[in-house]
Amino acid sequence: MTYVEIVNAAIRERLTRAERVVCFGQNITVASCLSGLTRDLAVHEGIEAINTPNCENAMAGFGFGLMLEGVDSIFFVKQLDFLLLAADQMVNTWNMARQAGATGSFTIVPIVVDSGFEGPQSRLNNLADFCSLGDFEAYALSDANAAETIIARHLVAPGFRLLAPSQRLFRSAANQEAPEGIDGEAGIFQLASGDAATIVAFNFAWPQARSLRAVLTAAGHPADLFGVAAVNRIDWTAIAESVARTGQLILIDDSRSMNRPGERLRSALADRGIAHRALPLYRRIDRRDLSPNPDRFVLDEAAVLEWIARSEFSVTDRTIGHAHG
Amino acid sequence: MEAFETSGSSRAQDTTRRAGDVMKTLAREILRLRLSMLVVNELVKRRAFQVPIHLALGHEAVAVAVSMAMSGQDRLLLTHRNIHYNIARNADLAAEIAEYRLESAAPGGGRFGAMNLIAPEHGIVYTSSILGNCLPVAVGVAKGLATKHAGAATFAVTGDGALEEGAFYEALLMATSLRLPLIFLVENNDWSMYTRIAERRCALDLQRMAEAFAIPFRRLSGNDAEACLDGIAALRADIAEAQRPAIVEVTLATLGDREVTEEGKPPRTINYHHGGAAHISYEAGPIIEESERDPIFRLSRQFQSETWQQLVTEARSPLDGFLA
């Protein structure tokens, strides 16, 4: 199965277990059903699927209104960039809804259009920025198997959050390795184990992290590998224990954001007094990616290998990743 | 033009007939609301609150009409200028004041201040201080309500300033598309903070906008309490039956403005926006202006003098203690 087929199946499975959910969004029941993401949502009588007009602000407000009435809903959005039109509702209305103790579930599922060739207004993959504005939770569905766990737990649950699939991954084959969710909210997954280093992948950079780990393993440096799907309220305990053991931390984040969860991890490690070397591999943000391009977040794996092998290597902060292949 | 008239349903007609029998109740409620806001105004002038309060002197008739037209399951969504609906829906002024004082013992726990004050137990499920923000939320509330209570209606109150926000159009579009019983009630006081409509934008004909959406429209005068009640009750019955939204435009004056003169300059009007209205007092009330701008003045002329004085005395009685 492909990534999008697994995500769609997970959504439908969760809806099967829900009593009443209003699913809404543009074109969610017609044509390709958002490339298959929203195919066959109406799994039973209690699940309503509504094709809406093109009015993101009203649609986000609609979801919060349903939440105030205790009615669960899911808003599917063709492109994360469109969600900027709903920023007022996602920040101000969410603040009121939670203060008022709204009991319904409202989940927005925005597709991160990260294929690259769409141009300068299809650029956002910054889940952390959205979360920072509104202090809500978001999960990057960077791995089909992890997505199953996240969707099962968070798609329909009291409160508000984003669950964001990556368009780049839609047609990719699902990874056969089932990740191990290691915290209660399933925001962190352990993808592999090893003692040479602790690799932590954020946002949608799990494929790059898997590739890097394979290179390190082949060179005799197997590492712990964690995928962090959550953006907010992350329990760092398991990763901190790993770093305390390996003493070497590699952070990989492909987001075009100044809000880096990896920096929060480093603060947490400092608070806990865990000595380590750190190598942040963050996306270089520049204007070149305003032009249509392959949007490849490519790591200089040889440089990382050198960093691992030469423990006396003095540079602890380097940006090796870049956006253009 | 059929689409732009309220239906002649028996329910609508019954509601209208009942309204004719409740003039005294209407007057009592409007007087209670006016005098309660004058009490709050006195407390604002004494700096009794830290939260910013937007009084709605002059808006009483429409607030009471909406409150009286609401049925048990109906919902009401408001703006930062929500005091008139909160007091109209809740006779306990002490509870309202406790909210403004941010007291934990207040019904809402003092957690919402004034601009976002809600009272779910009275149907006020959401208020917003962001212009136009409550309108899309009202669409969702109306949809949620429709899934649970057939025949219930939702009211979203906003001002003429919010018509300029895209949220108004989007919410109207979505409510009409989904055929939701939702009244968009526009309190048109001609002001957005300190600019009049003519100073900031082109004219906007809400009736023609309603025509474009093929939904009912009513224009009401906010100084005519009986017309407000009749019009809103009839429209509420219509939308609940026909399952469609409607627009009501209520023209009114927010009282509390004053004219200032500076040497060598022509007199100019300072609009009341928020805080205390310095030159208005509880003692001199309930009438603020002896003009058609003031719905209380107009209401007073519908009663014999003795009856009116009795109504005023009755309304003052439970409120005097707040200013002791």
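Strands here are DSSP runs of E with at least two residues, numbered from the N terminus. The model is predicted.

**Exercise 1. The largest pocket**

State which strand of chain B gives the most to the lining of the largest pocket, and describe that lining.

Solution.
- Start with the volume. The largest pocket has about 380 Å³.
- Find the centre. The lining has 23 residues, and those closest to the centre are His80(B), Arg81(B), Leu131(B), Trp191(B) and His273(B).
- List the strands of chain B that supply at least two lining residues each. They are strand 3 (154-159) and strand 5 (191-192).
- Pick the top contributor. Strand 3 of chain B gives the most, with three residues.
- Sort the lining by class. Seven residues are nonpolar, 13 are polar and three are charged.

**Exercise 2. Helices 1 and 5 of chain A**

Classify the packing of helix 1 of chain A against helix 5 of chain A as roughly parallel, antiparallel, perpendicular or oblique.

Solution.
- Take the geometry. Helix 1 spans residues 3-16 of chain A and helix 5 spans residues 144-154; their axes come within 9 Å and cross at roughly 15°.
- Apply the cut-off. Angles under 35 degrees count as roughly parallel. The two helices are therefore roughly parallel to each other.
- Add the hand. Helix 1 of chain A passes helix 5 of chain A in a right-handed crossing.
- Name the contact. Helix 1 of chain A uses Tyr3(A), Ile6(A), Val7(A), Ala10(A), Ile11(A) and Arg14(A), while helix 5 of chain A uses Ala144(A), Ala147(A), Glu148(A), Ile151(A) and Ala152(A).
- Sort by class. This contact has nine nonpolar, no polar and two charged residues.

**Exercise 3. Helices 7 and 9 of chain B**

Give the angle, axis separation and hand for helix 7 of chain B and helix 9 of chain B.

Solution.
- Read the angle. Helix 7 (residues 166-177) and helix 9 (residues 206-213) of chain B pack at about 35°, with axes 11 Å apart.
- Read the hand. The crossing is right-handed.
- Match the residues. Phe168(B), Tyr169(B), Leu172(B), Leu173(B) and Thr176(B) of helix 7 meet Leu206(B), Met209(B) and Phe213(B) of helix 9.
- Sort by class. Seven are nonpolar, one is polar and none is charged.

**Exercise 4. Helices 2 and 10 of chain B**

Work out how helix 2 of chain B is oriented to helix 10 of chain B.

Solution.
- Take the geometry. The axes of helix 2 (residues 23-45) and helix 10 (residues 225-242) of chain B come within 10 Å and cross at roughly 110°.
- Apply the range. Angles of 65 to 115 degrees count as roughly perpendicular. So helix 2 of chain B is roughly perpendicular to helix 10 of chain B.
- Name the contact. Met23(B), Leu26(B) and Ile30(B) of helix 2 touch Ala225(B), Glu226(B) and Leu229(B) of helix 10.
- Sort by class. Five are nonpolar, none is polar and one is charged.

Note on methods. Residues numbered from 1 in each chain as written. Chains lettered and ligands numbered in written order. Predicted model: local features only at pLDDT ≥ 70, side-chain atom pairs only at ≥ 80, totals over all residues. Heavy atoms only, no water. 1 Å grid on protein atoms, 1.4 Å probe; cavity = no way out; pocket = protein on both sides within 12 Å on 5 of 7 lines; lining within 4 Å. Points joined across faces, edges and corners; volume = space filled by probe spheres on them. Helix = DSSP H or I, 4+ residues; strand = E, 2+ residues; numbered from the N terminus. Nonpolar A, V, L, I, M, F, W, Y, C, P; charged D, E, K, R; others polar. Axes fitted to C-alpha atoms, helices over the stretch in contact; angles between N-to-C directions. Parallel < 35°, antiparallel > 145°, perpendicular 65-115°, else oblique. Left-handed = near helix turned anticlockwise from the far one by under 90°. Contact = heavy atoms within 4.5 Å.
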